Structure formats: structure tokens, C-alpha cells
Amino acid sequence: MSLKSPKLTVVGAGPGDEDLITLKAIKAIESANVILYDALINESLLNYASDDAELIFVGKRKGCYAFQQEQINELIVAKAKEKGHVVRLKGGDPFIFGRGAEELDYAKSFGLETAVVPGISSVIGVPAYQGIPLTRRGASESFWVITGTTKNHQLSNDVLLAAKSAATVVILMGMHKLGEIVKVFSEENKQETPIAIIQNGTRDNENIGIGTIESIEGIVAEKQLSSPAIIVIGEVVNQRIQLSSVLQNVKEQI
């Protein structure tokens with residue numbers, strides 16, 4: 001039994017750019033005895049870990065799981081009891097379509113101390129890096145955030161409801177359902193509604209396609225856009241601001 005109190009900290013790593021992580025998250029990584037990390041994090045963040053920290057990849061790539069969720073839960077508890085402080089490092093924010101809450105509940109049921117460090121969600125950060133405001137006076141008063149694929153591998157029914165509104169619609173994990181999404185919005189006579197698809201948002205290999213509901217599938221094929229990507233639908237796409245990228249590139253000037 002470790003002399004250190006077993007503890008789980010679930011940490012949001014942000015959307016991809018290594019600079020989009022909080023100081024609190026860095027401190028958690030530095031103090032970790034074990035780090036269980038996902039596929040979508042920027043692995044340069046692992047450089048903040050101590051030399052003797054154990055680093056374990058538990059993510060999913062191209063539909064292949066390194067560990068099933070039940071195994072991750074068990075690994076968290078086992079490693080915390082063996083070594084002390086476990087950091088579960090997750091892309092974006094751990095409470096936005098992550099399993100952070102489930103992992104915390106499981107750890108707490110075994111008597112572990114628990115904590116969470118929020119992260120910048122791709123929902124917010126990725127459109128912002130492309131100058132797309134999710135809300136803007138005169139264009140959008142609200143926004144939906146929807147998972148494109150439910151646990152039953154079906155398109156979320158909320159997409160049908162969102163298509164009827166004037167709000168901005170942000171869809172995560174929806175690239176495999178793009179054809180269905182286009183059909184839903186077309187049936188609401190929104191063929192001319194602007195849409196942006198942003199792949200690998202905030203990273204060096206970021207790629208974007210902008211069009212309308214009617215044209216986007218052709219643009220996706222032309223630009224070879226694929227997951228991981230987020231879909232932004234609404235008039236705010238036409239409100240995109242051309243950024244000078246000063247803040248994004250500041251680290252290159254130092």
C-alpha cells in the first residue's frame with residue numbers, strides 16, 4: 001500500500017494547442033505519480049510530468065480501444081492505491097462528452113480523494129481559433145452543443161430539434177453522420193445555411209472547410225476532411241473574423 005493518499009484528478013488538456021492548458025492543469029500533471037492519457041491530448045504536455053511518473057496511454061484511435069472504460073476505471077483505482085496520485089488527462093474539457101464524471105464516481109466509491117481541473121473545450125476553442133463567434137448580436141442568440149453519435153451509434157435526436165432553431169449548432173463526433181446531418185437540415189429548407197468543418201482544431205495540422213449545407217459534402221471530399229473534427233452550423237460562420245494569428249504564433253517569436 002502506497003504511503004501517499006490515493007487520489008484521482010481528472011484534468012482537461014484543452015483542444016490541442018499545448019498552450020491552451022491551464023496553470024492548474026500543469027501543476028496537477030507535475031504532481032502526478034501516474035498519468036492515464038487519451039489519444040486527443042497533445043503529448044507534449046507529458047513533458048511536464050516528473051521523471052518517475054508512470055505514463056499509460058488509454059485512448060482510442062480509429063475505433064480501436066487501448067482499454068475499455070471498465071478497465072480504465074479499475075486501472076485508476078489500482079494505480080492510485082499502488083502509487084498515490086493518478087491524473088486522468090483528457091482532451092478538451094472532461095465534462096463535455098467525456099467520461100470524467102463516471103471515472104470520478106467510480107474512484108470515489110473506492111475511497112479515493114477526487115478532484116477535477118476544467119479544460120478549454122473544443123466546442124469553444126476550435127471555432128474561436130478560426131475567428132468564428134458562436135454567438136453574435138444579430139446573428140445568433142444561443143448555441144446547441146450536440147454529440148453526433150449516441151452510445152447506440154445513432155444520430156442524436158437533438159440534431160432534429162436543433163435544425164428547427166435559429167441557434168448556432170455545434171456537433172462533435174459527427175463526421176460519420178454528416179450525410180444524415182445534411183439531410184436533416186435540408187428537410188428544414190436550410191440548404192443555404194453556412195457550415196464549417198474544422199479538423200484537428202488549434203493544432204499545426206488544422207484544416208477547415210466552409211460552405212453551405214448543400215455544398216459541404218463535396219467540400220469535405222475535396223479537402224479530405226475527416227475525424228477528429230467539429231461541425232459548426234449557422235449564420236455565425238459568415239461572421240467569421242479574419243485573425244492576424246498574433247496570439248497563436250507568439251511562441252514562435254520568442
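**Figure 1. K177 in the loop before α6.** K177 is buried in this predicted model. Its relative accessible area is 13%, and the cut-off for buried is under 20%, which means that K177 qualifies. The residue sits in the loop between β9 and α6. Leaving aside neighbours within four places in sequence, K177 is in contact with G148, T149 and H153. Q154 and L155 are also in contact with K177.

**Figure 2. Helix α6 and its cover.** Which residues of α6 are buried? They are L178, I181, V182, V184, F185 and S186. What covers them includes two helices, α5 and α7, and the strands β9, β10 and β12. An α-helix has 3.6 residues a turn, so residues three or four places apart point the same way. Just after α6, N189 takes a positive phi of about 60°.

**Figure 3. Packing of α6 on α7.** Two packed helices are described by the angle between their axes and the distance between the axes. For α6 and α7, the angle is about 155° and the axes are 10 Å apart. Angles over 145 degrees count as roughly antiparallel, so α6 is roughly antiparallel to α7. From α6, the contact uses L178, G179 and V182. From α7, I216, E217 and V220 meet them. By class, the residues of this contact are 4 nonpolar, 1 polar and 1 charged.

**Figure 4. The largest nonpolar core.** In soluble globular proteins, nonpolar side chains tend to be buried together. The largest nonpolar core here holds 23 residues. Which of its members touch the most others? They are F185, I197, I216, I231 and I233. The elements that each supply at least two residues are α5 (157–162), β9 (168–172), α6 (178–187), β10 (194–199), α7 (216–223) and β12 (229–233). Helix α6 gives the most, with 5 residues. Apart from this core lies another, of 18 residues. A13, A25, A28 and V117 are among the members of that other core.

**Figure 5. Close-up of I231.** Residues up to four places away in sequence are not counted here. I231 touches V169, V170 and I171. I231 also touches G174, M175, L178 and I181. I195, A196 and I197 complete the list of residues that I231 touches.

**Figure 6. The mixed sheet.** In what order do the strands of this open sheet run? The order is β8-β9-β12-β10-β11, with 5 strands and mixed pairing. At the edges are β8 (143–147) and β11 (207–212), each pairing on one side only. Neighbouring strands are turned by 15° against each other on average, direction ignored. Strands β10 and β12 run antiparallel and are joined by 5 bridges. Within this pairing, Q199 has A229 of β12 as its bridge partner. Helix α4 (residues 122–129) packs on the sheet. This helix touches β8, β9, β10 and β12, and its direction makes about 75° with that of β12. Helix α7 lies across β10 and β11, running at about 155° to β11.

**Figure 7. The parallel sheet.** Strands of a sheet pair through backbone hydrogen bonds, either parallel or antiparallel. This open sheet has 5 strands in the order β3-β2-β6-β1-β7, and its pairing is parallel. The edge strands β3 (54–57) and β7 (113–117) each pair on one side only. On average, neighbouring strands are turned by 15° against each other, direction ignored. Strand β1 (residues 7–12) pairs with β7 in the parallel sense over 5 bridges. Which residue of β7 is the bridge partner of L8? That partner is T114.

**Figure 8. Helices on the parallel sheet.** Helix α1 (residues 23–31) lies across β1, β2 (34–37), β6 (85–90) and β7. It runs at about 135° to β6. Helix α2 (residues 69–83) packs on the sheet and touches β1, β2, β3 and β6. The direction of α2 makes about 145° with that of β6.

**Figure 9. K27 on helix α1.** K27 lies in helix α1. Is K27 buried or exposed? The relative accessibility of K27 is 57%, and exposed means over 50%, so K27 counts as exposed. K27 and Q242 are 215 residues apart along the chain. Their C-alpha atoms are separated by 34 Å.

Note on methods: Residues are numbered from 1 along each chain as its sequence is written. This is a predicted model: local features need pLDDT of at least 70, side-chain atom pairs count only at pLDDT 80 or more; totals for chains, interfaces and linings use all residues. Side-chain values use heavy atoms; hydrogens and water are left out. A nonpolar core is a set of buried Ala, Val, Leu, Ile, Met, Phe, Trp, Tyr and Cys residues joined through side-chain atoms within 4.5 Å. Buried means under 20% relative accessible area, exposed over 50%, partly exposed in between (1.4 Å probe, protein chains only). Helices (H or I, at least four residues) and strands (E, at least two) are DSSP runs, numbered from the N terminus. Contact means heavy atoms within 4.5 Å. Two strands pair if DSSP finds at least two bridges between them. Axes are lines fitted to C-alpha atoms, for helices over the stretch in contact, and angles run from 0 to 180 degrees between N-to-C directions. Angles under 35 degrees count as roughly parallel, over 145 as roughly antiparallel, 65 to 115 as roughly perpendicular and the rest as oblique. Ala, Val, Leu, Ile, Met, Phe, Trp, Tyr, Cys and Pro count as nonpolar, Asp, Glu, Lys and Arg as charged, and the others, Gly among them, as polar.
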